[in-house]
Amino acid sequence: SVSSKEGRGDGDQSSRRGLERKVGGKGSSLERYAAWYRANEHWIAPFEQALQSAIWFIPDAMGSEVGTELLHSFASMWTVGNEQVMMLTDENAELEELRSVEKRFPQFLLPLLVATVEQFETVVEVLLVQRHHRIQRALVQSGDSAKQPNEAQTLPRDRYKWLCVIEAFKAVMRLGQLYKGKGTGCLLLDGGVSGVAKVVDASSAISTAEVKRIEAFQVFRAKYLVHPNGNAFQDPSGGGKSVLDPSKQTAKFELDITSDDAKLLTLAEMMHVMRPVVYCSLLWRDGARSWRPWVTSLAVEVVSVAMTHRVVSRSYSLKGNPMCQREKEARWARLVLYLARSPFYDGFTRGRLERVRDLLKPVPLIGMAATAGYNLIDEIQGYYTYTSG
């Protein structure tokens with residue numbers, strides 16, 4: 001059940017006190033590091049991005065593909081670690097109203113575990129693929145044609161068994177975050193890496209929308225009609241009260257989500273969390289060239305996003321949270337990754353990209369960039385973790 005604002009505030013304060021006890025109080029090294037990072041974020045963030053980009057330009061002679069992936073994962077972990085520290089030490093009251101971040105041990109480890117696994121799962125896949133290639137070369141060199149893999153086995157299914165285990169672990173961590181939401185958490189943000197979006201007070205969301213509309217009218221009136229008298233924005237109903245007047249705000253938390261919509265959103269989140277596990281399981285059973293994993297995964301994701309879109313659009317408690325809106329739009333946008341997944345990529349996308357590459361090849365510089373871009377996309381497309389979203 002959704003508690004009052006006062007109750008939630010007490011819970012947040014107790015969570016913060018629990019974190020402070022764990023890391024050694026407000027003067028702890030964690031909070032000192034967070035303060036240093038915030039003061040120097042203007043140069044640290046560009047440096048992190050430049051470091052991660054520079055790793056991809058390491059010549060092949062200086063390191064293997066696994067080594068390059070390891071370096072990139074460790075560099076990315078610095079960024080991930082900084083983001084987690086910022087979440088744990090952030091005391092922004094407005095953000096705490098919009099996003100649930102567990103600050104008690106060991107619950108605060110859940111987003112960090114998900115982020116860590118996401119950074120290193122590509123290394124695991126590259127190791128599995130290289131192991132498969134070594135076995136192939138050994139069979140070819142031995143001349144044992146009976147044991148040589150046929151063309152249908154060139155994309156090893158065995159790696160998807162291990163990737164399925166990784167996705168199942170991530171699913172458990174994500175479900176744990178939703179469970180710890182205690183009735184206020186509704187949508188996983190960035191796959192659980194950025195916490196869980198919370199429902200907001202429906203009455204506040206409606207009042208905020210009214211304020212924005214009246215504010216837009218005041219700006220229009222000041223620019224094109226008459227200058228405002230400087231008073232607070234007035235209630236359009238003529239009651240004489242400002243819409244920003246705290247006395248107009250409902251004291252008790254108001255939730256406008258019906259029981260059916262709440263169940264629908266829960267089902268949508270469960271489908272969203274379990275979709276990668278189902279996809280990897282089907283890839284393990286049927287292989288990447290089968291249409292069954294692609295169609296099943298797309299169907300599950302479209303249904304999940306459509307249900308989320310419907311519930312969010314109908315509720316001020318969700319629609320009033322910009323993080324819910326952003327997450328909903330991001331999930332729709334990630335559907336474009338299906339263009340890069342086999343077998344759709346093999347039968348449709350690759351041919352179109354080749355035409356664009358051949359069309360631009362005669363153009364100086366642009367042709368070189370198009371060829372390099374095509375080669376890069378074609379190379380990374382074979383890896384599940386690059387297109388998993």
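**Entry 1: the sheet**

I began with the strands of this predicted model, and I found an open sheet of three strands in the order S1-S3-S2, paired in antiparallel fashion. I noted that strand S1 (99–100) and strand S2 (185–188) stand at the edges and have a single partner strand each, so one side of each is left without a neighbour in the sheet. As background I wrote down that strands of a sheet pair through backbone hydrogen bonds, either parallel or antiparallel.

I then looked up how S2 is joined to strand S3 (residues 196–198), and I found three bridges between these two antiparallel strands. On this pairing I marked leucine 188, which stands opposite valine 196 in S3. Helix H6 (residues 158–179) packs on the sheet, where it touches S2 and S3, and the direction of H6 makes about 155° with that of S2.

**Entry 2: unusual backbone angles**

Before looking at single residues I reminded myself that most residues other than glycine have a negative phi, and that most peptide bonds are trans.

I went first to the loop between S2 and S3, where aspartate 190 has its place. The phi of aspartate 190 is near 55°, which is a positive value in a residue other than glycine. Is aspartate 190 buried, partly exposed or exposed? I recorded it as partly exposed, because its relative accessible area is 35%, and that value falls between the limits of 20% and 50%.

Next I turned to leucine 365, in the loop between H12 and helix H13 (366–380). Leucine 365 also has a positive phi, near 65°, although it is a residue other than glycine. Its relative accessibility is 67%, so I counted leucine 365 as exposed, the cut-off being over 50%.

I also checked the peptide bond from serine 342 to proline 343, which is cis, with omega near 5°. Proline 343 sits in the loop between helix H11 (322–333) and helix H12 (344–360).

**Entry 3: two helices with bends**

For helix H5 (residues 109–142) I compared the expected span with the one in the model: at 1.5 Å a residue its 34 residues should span 50 Å, and the end C-alpha atoms are 48 Å apart, which agrees. H5 nevertheless has a kink of about 35°, centred on phenylalanine 120.

Helix H8 (residues 259–286) has 28 residues and reaches 39 Å from its first C-alpha to its last, close to the 40 Å expected at 1.5 Å a residue. Where does H8 bend? I placed the bend, of about 40°, at methionine 274, and I noted that proline 276 follows within four residues. Just after H8 comes glycine 287, which takes a positive phi of about 90°.

**Entry 4: methionine 86**

I looked up methionine 86 in helix H3 (residues 65–89). Its relative accessibility is 14%, so methionine 86 counts as buried, the limit being under 20%. Leaving aside residues up to four places away in sequence, methionine 86 touches Ala34, Tyr37 and Arg38. I also took the distance from methionine 86 to leucine 30: the two are 56 residues apart in sequence, and their C-alpha atoms are 9.6 Å apart in space.

**Entry 5: the whole chain**

Finally I stepped back to the chain, which has 13 helices and three strands. Of its 389 residues, 39% count as buried. The chain exposes about 21600 Å², and carbon and sulfur atoms supply 61% of that area. Among the contacts with a separation of 6 or more, 72% come from residues 24 or more positions apart.

Note on methods: Residues are numbered from 1 along each chain as its sequence is written. This is a predicted model: local features need pLDDT of at least 70, side-chain atom pairs count only at pLDDT 80 or more; totals for chains, interfaces and linings use all residues. Side-chain values use heavy atoms; hydrogens and water are left out. Two strands pair if DSSP finds at least two bridges between them. Contact means heavy atoms within 4.5 Å. Axes are lines fitted to C-alpha atoms, for helices over the stretch in contact, and angles run from 0 to 180 degrees between N-to-C directions. Buried means under 20% relative accessible area, exposed over 50%, partly exposed in between (1.4 Å probe, protein chains only). The expected span of a helix is 1.5 Å times one less than its number of residues. The bend at a residue is the angle between axes fitted to the seven residues ending there and the seven starting there. Accessible areas come from the Shrake-Rupley method with a 1.4 Å probe; for residues, only the protein chains shown count as cover.
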